[in-house]
There are 2 protein chains.
Amino acid sequence: MKLSDHPTRLEFDKSRKEIKKENKQLSKDIIELQRKLYAQKEKSLLVIFQGVDASGKDSALRDVFREINPAGCHVFSFKKPTEKEASHDFLWRVHHVCPAKGMIHIFNRSHYEDILVPKVEGYLPDDVIDERFEMMNDFERMLTKNGTTILKFYLHLSKDRQKEKLMKRVNRHDKHYKHSDGDWEVRKKWDQYMEVYEEIFERCNEVPWHIIPSDDNKEKANIIAKIVIEAMEQMDLSFPPLKSKLFTPEYEN
Amino acid sequence: MKLSDHPTRLEFDKSRKEIKKENKQLSKDIIELQRKLYAQKEKSLLVIFQGVDASGKDSALRDVFREINPAGCHVFSFKKPTEKEASHDFLWRVHHVCPAKGMIHIFNRSHYEDILVPKVEGYLPDDVIDERFEMMNDFERMLTKNGTTILKFYLHLSKDRQKEKLMKRVNRHDKHYKHSDGDWEVRKKWDQYMEVYEEIFERCNEVPWHIIPSDDNKEKANIIAKIVIEAMEQMDLSFPPLKSKLFTPEYEN
């Protein structure tokens with residue numbers, strides 16, 4: 001598997017305006033499915049976004065889950081572990097914020113950082129990393145068996161487009177807060193990160209990865225939303241019947 | 001203070017269509033303010049919704065915070081305390097989910113239930129309840145002094161309109177999941193709940209309560225959104241400057 005064989009932009013036969021319009025409709029479809037998920041309280045959805053800095057994880061979750069009921073959808077970002085988190089196994093803090101029945105949780109970065117960063121930076125021995133690959137598969141299998149649908153998206157950005165987007169953070173006053181010198185340091189190790197990602201896609205593919213062309217935000221959202229809808233349609237969601245001792249069935253119409 | 005002196009519906013000089021359109025614009029204004037709050041990471045906003053069953057707490061938060069970046073906004077519902085929560089003081093679980101700097105947290109019900117329910121049901125002695133009133137004031141003062149703007153909304157619903165809305169849950173299959181026989185039991189104690197609410201508004205008014213006419217969902221959202229915007233405009237929010245050792249000021253334009 002070579003990431004360089006995958007495009008970072010697709011050819012769409014629609015205009016930008018048509019794509020934006022379609023995206024709005026797709027979001028509405030997701031909201032309808034989410035209402036049933038939330039009402040039924042039997043299944044849950046976990047959406048994982050991975051990708052290099054500025055690959056548009058924030059914009060993806062905003063565009064795809066636009067207007068969703070915030071009571072049924074939580075977003076979690078994983079930064080450097082706190083001292084307390086680091087004193088547990090690496091999946092502890094992740095498991096803690098997995099979705100309850102009825103909920104959609106979105107991970108902006110995830111447990112995959114716990115392979116990516118130590119492997120590129122070389123601060124964990126190979127056998128520990130190898131074990132983590134296995135633990136990830138076991139962990140995701142366990143969640144799946146317990147009713148959680150997991151969707152894993154890699155936002156595939158070209159190196160040139162990353163530079164453009166990182167420079168926006170330097171040049172636009174309303175983007176300054178997103179700038180970090182550290183992102184430019186990480187960028188120097190681009191090829192090493194791509195190699196570890198390729199290994200992840202091969203070894204942690206029991207729950208499949210979706211490689212999303214991400215050079216354009218609206219097209220990216222379009223592709224992701226369709227995958228989310230397809231997955232949710234397979235979850236067998238429906239509104240539950242009335243549970244009441246006061247009201248007899250003739251009230252139901 | 002008598003709740004019966006407050007209207008559950010206002011006279012609007014706008015059509016329903018105009019109100020809906022204005023609500024969309026108000027939500028966009030809130031998103032712009034939220035972007036600055038999130039970028040600046042100095043202040044936070046805590047929005048508390050209280051009200052009887054079916055007063056539209058869910059719909060309020062959905063309409064007012066429509067399209068907000070879910071990464072910057074979390075909703076918390078407070079149900080009956082778990083065994084672990086009950087083994088702490090009543091503010092422990094509430095404090096735990098107060099907003100970090102940059103965040104908006106919305107409470108669907110709140111610590112006020114810890115006065116309401118025990119007072120109406122009579123399972124706590126008066127002196128314990130009296131202490132809770134004081135603790136609430138102290139707690140909210142502490143949060144305010146630490147940079148959290150607190151907005152407290154009571155969604156004021158008429159008893160007739162509650163019946164209509166509760167009956168929808170019985171009659172519409174996509175609302176069945178919201179039905180609970182218990183809500184009809186609580187409704188029998190309507191007057192007692194109103195009395196305790198009136199006492200709360202008088203005794204816990206250091207952070208003021210907003211009594212929102214709530215018989216109509218769109219009008220309710222309109223009134224709340226304007227209060228949220230006014231409060232956020234007073235928070236002195238702005239995008240922070242570039243923090244970088246790599247990029248010199250001439251890059252900023």
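Reader: At the start of α10(B), which backbone nitrogen does a side-chain oxygen of B:D216 reach?

Author: Good place to begin, and keep in mind that this is a predicted model. A side-chain oxygen of B:D216 comes to within 3.1 Å of its partner at the start of α10(B). That partner is the backbone nitrogen of B:K218.

Reader: How many residues of α10(B) are buried?

Author: Helix α10 of chain B covers residues 217–233, which is 17 residues. Its span from first C-alpha to last is 24 Å, close to the 24 Å expected at 1.5 Å a residue. The helix is largely enclosed by the rest of the structure because many of its residues count as buried, namely 13 of the 17.

Reader: Turning to the two chains, what area is buried between chain B and chain A?

Author: Let's start with the contacts: 36 residues of chain B touch 36 residues of chain A. Carbon and sulfur atoms give 61% of the area buried between these chains. The total is about 3600 Å².

Reader: How many salt bridges are there between chain B and chain A?

Author: One to look at joins the side chains of A:R66 and B:E67, at 3.6 Å from N to O. Between chain B and chain A the count is four salt bridges.

Reader: Which element gives the most to the side of chain B that touches chain A?

Author: Happily, the candidates are few: the elements giving two or more residues to this side are α1, α2, β2, α7 and α8 of chain B. The residues of this side divide into 17 nonpolar, eight polar and eleven charged. With four residues, the element that gives the most is α7(B).

Methods
Residues are numbered from 1 along each chain as its sequence is written. Chains are lettered from A and ligands numbered from 1 in the order in which they are written. This is a predicted model: local features need pLDDT of at least 70, side-chain atom pairs count only at pLDDT 80 or more; totals for chains, interfaces and linings use all residues. Side-chain values use heavy atoms; hydrogens and water are left out. The expected span of a helix is 1.5 Å times one less than its number of residues. Buried means under 20% relative accessible area, exposed over 50%, partly exposed in between (1.4 Å probe, protein chains only). A polar contact is a pair of N or O atoms within 3.5 Å; within protein, one must be able to donate a hydrogen and the other to accept it, and residues adjacent in sequence count only if both atoms are side-chain atoms. Contact means heavy atoms within 4.5 Å. Buried area is the accessible area (1.4 Å probe) that two parts lose on being put together, summed over both. Ala, Val, Leu, Ile, Met, Phe, Trp, Tyr, Cys and Pro count as nonpolar, Asp, Glu, Lys and Arg as charged, and the others, Gly among them, as polar.
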